[in-house]
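Student: Hi! Could you walk me through this fold before I set anything up?
Tutor: Happy to; let's put it on screen and start from there.

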Amino acid sequence: MADAEAPPATTTGDRPTPRGRSGHPSSLGAGATGLALGALGVVFGDIGTSPLYAMQTVFSIDGNAVTPTPSDVYGVVSLIFWSVTVIVTIKYVTFMLRADNDGEGGVMALAALVRRTLHDGRRASFALALGVLGAALFYGDSLITPAISVLSAVEGVEVVAPELGEVVLPLGAVVLTGLFVVQRAGTERVGRLFGPVMAVWFVVLAALGLPQIVAHPEVLAGLSPTYIVSFFADHPFTAFIAMGAVVLAITGAEALYADMGHFGRRPIRRAWFMVVFPALIINYLGQGALILHEPAAVANPFYLLAPGWARIPLIVLATAATVIASQAVISGAFSVSQQAVRLGYLPRLTVRHTSASESGQIYVPTVNWLLFGGVLILVATFQSSSSLATAYGLAVTGTLLISTTLFLVHAATAWHWPAWRIAALGVVFGGIELLYFAANLTKVTHGGWLPLLVATIVIVVMTTWQRGRRVVTARRTDLEGPLRDFLDELPDEVVRVPGTAVFPHPTNETAPLALRANVEFNHVLHERVVIVSLVSTSVPHVPADERLTVDDLEHPHDGIVHVSARFGFQDVQDVPGVLRQACALSPELANGDPDEALYYISRISIERGSEPGMRLWRKRLFVGLAHNAASPAVSFRLPTERTVVMGSRVEL
């Protein structure tokens with residue numbers, strides 16, 4: 001762990017600076033149409049492929065408790081339509097996309113936004129804790145979505161040729177491997193490739209469902225919410241069980257919100273209302289009409305919508321679409337991971353920015369390969385999409401409830417909504433989501449434990465890292481000693497050598513260990529010394545002209561300054577860029593050449609000790625995380641040939 005490790009995110013009280021039209025990603029195409037097309041390829045893949053398995057799972061769950069009778073079919077169609085309408089269209093697309101944190105979405109960004117508007121420290125901490133829980137559940141979703149999506153597509157092979165059932169798992173593993181390998185290309189290239197494919201997919205969804213609706217228009221009656229009431233009145237237990245599978249129709253809603261920073265609010269809304277929403281509803285209605293008149297179609301209503309000659313091409317297209325579906329949650333996991341690092345809940349990770357113009361488009365290798373390994377384990381363990389469906393709902397519904405809670409708190413504190421409006425939305429959104437959550441609790445012993453296990457592991461890792469950093473920071477502070485005392489005690493005869501030395505360091509209160517070692521052991525001090533503190537804020541972006549504060553420190557030795565650089569949790573922490581900007585602002589540094597500066601990093605070796613403060617198993621976990629954290633030289637974009645690493649030791 002380095003001395004330059006960023007401190008826990010500070011709540012500065014600063015309002016986010018709106019990025020405006022120029023701040024929205026624009027590299028995926030010229031104008032709104034190009035952005036909407038790119039959004040189809042990245043944002044809507046998850047929810048766009050739900051028709052592959054949602055209806056089929058409803059009629060197969062709990063030993064075929066839901067039967068293909070008219071009352072059950074109308075009830076299921078109505079549940080799906082109103083769930084998509086209320087939760088996705090009204091809650092997420094209409095309301096949640098308004099709650100952006102300087103253009104960024106996702107549960108961690110929303111939690112940071114809420115924390116900034118709350119003045120009560122306990123409530124602010126609770127909001128951030130909800131964000132951590134939501135992020136942990138989202139990781140569970142990120143594991144299950146690729147596995148269930150790809151398996152549901154390649155299982156179409158069994159519809160065409162049942163004897164080929166043995167190739168489903170190997171074929172799924174090959175497809176998933178290709179998906180995670182291509183991630184290094186970045187969201188921009190992936191969106192350009194996937195957008196047109198998903199446009200075709202949504203057209204095909206509508207084309208498959210429309211003939212059945214035309215042939216059996218009575219299915220449109222299922223759009224009436226009265227059928228939900230009669231479904232629950234006639235078969236309350238069956239309807240409750242059905243809700244545990246109907247939730248599959250709204251998976252991807254959180255990924256839609258988490259990926260907002262990649263494309264912007266307007267392109268996402270345009271793509272949803274003009275393409276995605278109509279295509280989904282038409283396909284679900286078509287599946288309902290097919291089941292009404294061919295009850296045996298519950299075995300696989302999606303593929304049976306297609307004529308026999310079209311099923312093999314449909315399997316190919318569906319496989320491509322499910323690969324894209326996985327992209328939505330993978331790119332969302334990258335964004336959530338970066339936010340967690342900046343907010344102090346994960347160790348520093350290697351983050352590669354895959355676009356020259358948009359900071360939101362990133363690739364996180366560690367997260368990518370951990371997800372890949374986890375997905376392959378799930379595929380090998382559950383072996384079918386129907387088995388995985390039982391594990392799916394808890395992660396989705398838990399995240400839905402958390403996002404609703406945080407959104408309502410934000411609406412009350414930042415937008416000053418009246419209490420009646422908060423209560424009304426809480427009853428509508430929260431009530432529906434609580435029902436879904438309760439329905440999925442019945443599946444805990446049948447696979448629902450999986451997202452809970454993943455969430456528990458993630459929470460343990462995040463809280464251990466946060467606690468360990470605080471303990472290590474306190475002990476490191478004792479080693480460093482006050483910066484003012486160090487400067488006052490510098491001997492007048494200390495040798496000043498030419499050049500500029502830069503010391504990344506969390507604060508201006510203590511002396512960097514590398515600076516102290518340079519003076520005490522090498523007996524030299526550079527002509528210009530720059531102590532750079534990188535402050536992570538709870539906003540995604542800080543404008544360049546508001547970033548730096550330069551302090552000459554008021555001491556008897558010339559050429560020693562402290563620079564505080566504020567970064568949003570989505571900004572690139574570029575220390576050489578900070579130095580160039582500081583040289584233009586400070587007379588003390590005016591004669592320095594930023595391109596010749598040397599960078600000194602204090603890398604602290606953390607060893608497990610007997611000091612109180614953390615349990616033994618947490619100490620072991622923290623030490624392991626610290627040893628595997630990304631190098632600060634890479635994270636801070638330091639030039640390798642001009643970076644010096646100096647070691648020290650701290651017991652945990």
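Tutor: One term before we start: a residue is called buried when its relative accessible area is under 20%. Also keep in mind that this is a predicted model.

Student: Fine. Which residues of H12 are buried, then?
Tutor: The buried residues of H12 are Thr238, Ala239, Ile241, Ala242, Met243, Gly244, Ala245 and Val246.

Student: What does that say about helix H12 as a whole?
Tutor: Helix H12 covers residues 236-246, and 8 of its 11 residues are buried, so the rest of the structure largely encloses it.

Student: And which helices do the buried residues of H12 pack against?
Tutor: They pack against helix H4 (54-64), helix H5 (70-95), helix H11 (226-234) and helix H20 (419-441).

Student: Let's stay with helix H4 for a second. Is Gln56 buried or exposed?
Tutor: Gln56, which lies in helix H4, is buried, because its relative accessible area is 19% and the cut-off is under 20%.

Student: What is Gln56 in contact with?
Tutor: Setting aside neighbours within four places in sequence, Gln56 contacts Val298, Ala299, Asn300 and Pro301.

Student: Zooming out: how many helices and strands are there in the protein chain?
Tutor: The protein chain has 26 helices and 8 strands. Of its 652 residues, 60% count as buried.

Student: What about the exposed area of the chain?
Tutor: About 24400 Å² is exposed by the protein chain, and carbon and sulfur atoms supply 61% of that.

Student: How about contacts along the sequence?
Tutor: Taking contacts between residues at least 6 apart in sequence, 84% join residues at least 24 apart.

Student: OK, new topic: the nonpolar core. How many residues does the largest one have?
Tutor: The largest nonpolar core has 176 residues, and Phe44, Trp201 and Trp272 have the most contacts inside it. H7 gives the most to this core, with 18 residues.

Student: What does Phe44 touch?
Tutor: Not counting residues up to four places away in sequence, Phe44 touches Ala39, Met198, Phe202, Leu256, Ile268, Ala271, Trp272 and Val276. Another core, of 21 residues, lies apart from the largest one; among its members are Val502, Val561, Ala582 and Ile601.

Student: Now pockets, my favourite. How much space lies in the largest pocket?
Tutor: The largest pocket holds about 770 Å³ of space. It is lined by 30 residues, and those closest to its centre are Tyr139, Leu370, Ile457, Val458 and Val461.

Student: Which helix supplies the largest share of that lining?
Tutor: H18 does, with 9 residues. H7, helix H18 (365-382), helix H21 (449-480) and helix H25 (616-627) each supply at least two residues.

Student: And the chemistry of the pocket lining?
Tutor: The lining of the largest pocket divides into 22 nonpolar, 7 polar and 1 charged residues.

Student: Last thing: how many cavities of 30 Å³ or more are there?
Tutor: There are 2 cavities of 30 Å³ or more, and the largest has a volume of about 60 Å³. Its lining is made up of Phe138, Asp141, Ile250, Gly252, Ala253, Glu254, Ala395, Val396, Thr399 and Leu400.

Student: Which elements give two or more residues to that cavity lining?
Tutor: Those are helix H7 (121-154), helix H13 (253-258) and helix H19 (385-413). H19 has the largest share, 4 residues. The lining of the largest cavity divides into 6 nonpolar, 2 polar and 2 charged residues.

Terms used:
Residues are numbered from 1 along each chain as its sequence is written. This is a predicted model: local features need pLDDT of at least 70, side-chain atom pairs count only at pLDDT 80 or more; totals for chains, interfaces and linings use all residues. Side-chain values use heavy atoms; hydrogens and water are left out. On a 1 Å grid over the protein atoms alone, a cavity is a set of points where a 1.4 Å probe fits but cannot get out, and a pocket is an open set with protein on both sides within 12 Å along at least five of seven lines; lining residues have an atom within 4 Å of a point. Grid points are joined across faces, edges and corners, and a volume is the space filled by probe spheres set on the points. Ala, Val, Leu, Ile, Met, Phe, Trp, Tyr, Cys and Pro count as nonpolar, Asp, Glu, Lys and Arg as charged, and the others, Gly among them, as polar. Buried means under 20% relative accessible area, exposed over 50%, partly exposed in between (1.4 Å probe, protein chains only). Contact means heavy atoms within 4.5 Å. Accessible areas come from the Shrake-Rupley method with a 1.4 Å probe; for residues, only the protein chains shown count as cover. A nonpolar core is a set of buried Ala, Val, Leu, Ile, Met, Phe, Trp, Tyr and Cys residues joined through side-chain atoms within 4.5 Å.
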